[in-house]
Amino acid sequence: MSPLRSLPGRPAHPFFEEEYEHQLEMVRPSTAPVDVPPIPEGYLLRQLRAGDDAEYDDLFHLAFADEGRFPENLERALEGGFFVMEHLASGELVASCVAWRGSTMPRHPDAGQMGWLVTDPSHTRKGLGTIVAVSATNRLAAEGYQRPCLGTEDFRIAAASIYLKLGWRPYVYREDMIPRWRSIFARLGREVDLSLACAE
Ligand SMILES: CC(C)(COP(=O)(O)OP(=O)(O)OC[C@H]1O[C@@H](n2cnc3c(N)ncnc32)[C@H](O)[C@@H]1OP(=O)(O)O)[C@@H](O)C(=O)NCCC(=O)NCCS
């Protein structure tokens, strides 16, 4: 049974067991901002605010099985770095991405970090994931982080597509990650770019 929590009328993303012990990492070796694409009609991009906790929890668990992450997420978010997309007709939060102070990743101490990119599956492929990811990427750049980091998994192909387009690059810290990244590039039909390969 999937550990994700579907809601009435809001099915969760498909669930995959993590196949590999070592998580994929990406960094963005640039502070260049990215243009925020136009927000589709019927949606509002805003910050998480008091009273959103339950709505955010619903959205989060459509994609992630982790429990108890909210306090850390909130605590680490940069001011103006907790982006949510509200669906105006329903009042539901349907996409989010967070720009964090510092980093939880030992290979990237104090780097600035992006996390918890999610779009409600009922609202995917409208550009909402890109908009919240661009917003968090730009917030990290505005904070002056020279090479922020993020962690991801091999099956998160749509997320990889977004990250690569926004200038995030694979940070290959183990040889066995090269074929994993090659497979992701192939699935996306993109030219392989492992310029930060074997960075350690
Ligand atoms: C990743 C995610 C946020 C994308 O949300 P979204 O709102 O559909 O994103 P967008 O509409 O901006 O689409 C982004 C790109 O991904 C591509 N994409 C979407 N689904 C895809 C799929 N299954 N395979 C390949 N590419 C896909 C789209 O084609 C789009 O690229 P385009 O602009 O060239 O068309 C969403 O799929 C999600 O919540 N996934 C589960 C959570 C997750 O994996 N988070 C990342 C944690 S590291």
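# Exercises on a predicted model

Thr104 is found in the loop between β4 and β5. This is a predicted model, and the exercises below walk through it piece by piece.

## Exercise 1: A residue in a loop

Task: Work out whether Thr104 is buried, partly exposed or exposed, and how far it lies from Leu88 in space.

Solution.
- Step 1. Begin with the neighbour count: Thr104 has 13 C-beta neighbours inside 10 Å.
- Step 2. Apply the cut-offs: buried needs 20 or more, exposed needs 12 or fewer, and partly exposed lies in between. Thr104 therefore counts as partly exposed.
- Step 3. Now turn to Leu88. Thr104 and Leu88 are 16 residues apart in sequence, and their C-alpha atoms are 34 Å apart in space.

## Exercise 2: Two positive phi values

Task: Find where Asp110 and Arg125 sit, and decide whether each is buried or exposed.

Solution.
- Step 1. Recall the background: most residues other than glycine have a negative phi.
- Step 2. Take Asp110, whose phi is positive, near 55 degrees. Asp110 belongs to the loop between β4 (92–100) and β5.
- Step 3. Count around Asp110: 9 other C-beta atoms lie within 10 Å, so Asp110 is exposed.
- Step 4. Repeat for Arg125, where phi is also positive, near 65 degrees. Arg125 lies in the loop between β5 and α3.
- Step 5. Arg125 has 9 C-beta neighbours inside 10 Å and therefore counts as exposed.

## Exercise 3: Strand β1 and its partners

Task: Say which strands pair with β1, and which residues of β1 are buried on each side.

Solution.
- Step 1. Start with the general pattern: in a regular strand the side chains alternate between the two faces of the sheet.
- Step 2. Apply this to β1, residues 24–27: Leu24 and Met26 are on one side, with Glu25 and Val27 on the other. These four are all buried, leaving both faces of β1 covered.
- Step 3. Look for partners. β1 runs antiparallel to β6 (residues 149–152), joined by 4 bridges, and Val27 stands opposite Cys149.
- Step 4. β1 also pairs with β7 (residues 169–170), again in the antiparallel sense, over 2 bridges. Here Met26 has Pro170 as its bridge partner.

## Exercise 4: Following β3

Task: Trace how β3 pairs with β2 and β4, then find what Gly81 is in contact with beyond its sequence neighbours.

Solution.
- Step 1. On β2 (residues 43–47), 5 bridges lead to β3 (residues 77–87), and the two run antiparallel. One pair to check is Leu45 with Met85.
- Step 2. β3 and β4 are antiparallel as well, with 7 bridges; Val84 stands opposite Ser96.
- Step 3. Inspect the connection: β3 and β4 form a hairpin with 4 residues between them, and Gly91 in the turn has a positive phi of about 75 degrees.
- Step 4. Go to Gly81, a residue of β3. Gly81 counts as buried because it has 23 C-beta neighbours inside 10 Å.
- Step 5. Leaving aside neighbours within four places in sequence, Gly81 is in contact with Val98, Ala99, Ala136 and Arg139.
- Step 6. Finish with a distance: Gly81 and Thr137 are 56 residues apart along the chain, with their C-alpha atoms separated by 9.3 Å.

## Exercise 5: Helices α3 and α4

Task: Test the span of α3, and work out why the buried residues of α4 line one face.

Solution.
- Step 1. The 15 residues of α3 should span 21 Å at 1.5 Å a residue, and the end C-alpha atoms are 21 Å apart, which agrees.
- Step 2. Check burial: 14 of the 15 residues of α3 are buried. Just after α3, Gly144 takes a positive phi of about 95 degrees.
- Step 3. In α4, the buried residues are Ala159, Ala160, Ile162 and Tyr163. Viewed down the axis, these fall within an arc of 160 degrees, so they line one face of the helix.
- Step 4. The background is familiar: an α-helix has 3.6 residues a turn, so residues three or four places apart point the same way.
- Step 5. See what they pack against: β1, β5, α3, β6 and α5 (177–188).

## Exercise 6: Around the ligand

Task: Identify which residues come nearest to the ligand and which element gives the largest share of the shell.

Solution.
- Step 1. Of the 20 residues around the ligand, Thr119, Thr124, Gly129, Thr130 and Ala158 come nearest.
- Step 2. The elements giving two or more residues to this shell are β5 (113–119), α3 (128–142) and α4 (157–165). The largest share, 5 residues, comes from α4.
- Step 3. Sort the shell by character: 9 residues are nonpolar, 8 polar and 3 charged.

Key:
Residues numbered from 1 in each chain as written. Predicted model: local features only at pLDDT ≥ 70, side-chain atom pairs only at ≥ 80, totals over all residues. Near = placed C-beta within 6 Å. Nonpolar A, V, L, I, M, F, W, Y, C, P; charged D, E, K, R; others polar. Pairing = 2+ DSSP bridges. Expected span 1.5 Å × (residues − 1). Arc of directions from axis to C-beta. Contact = placed C-beta atoms within 7 Å.
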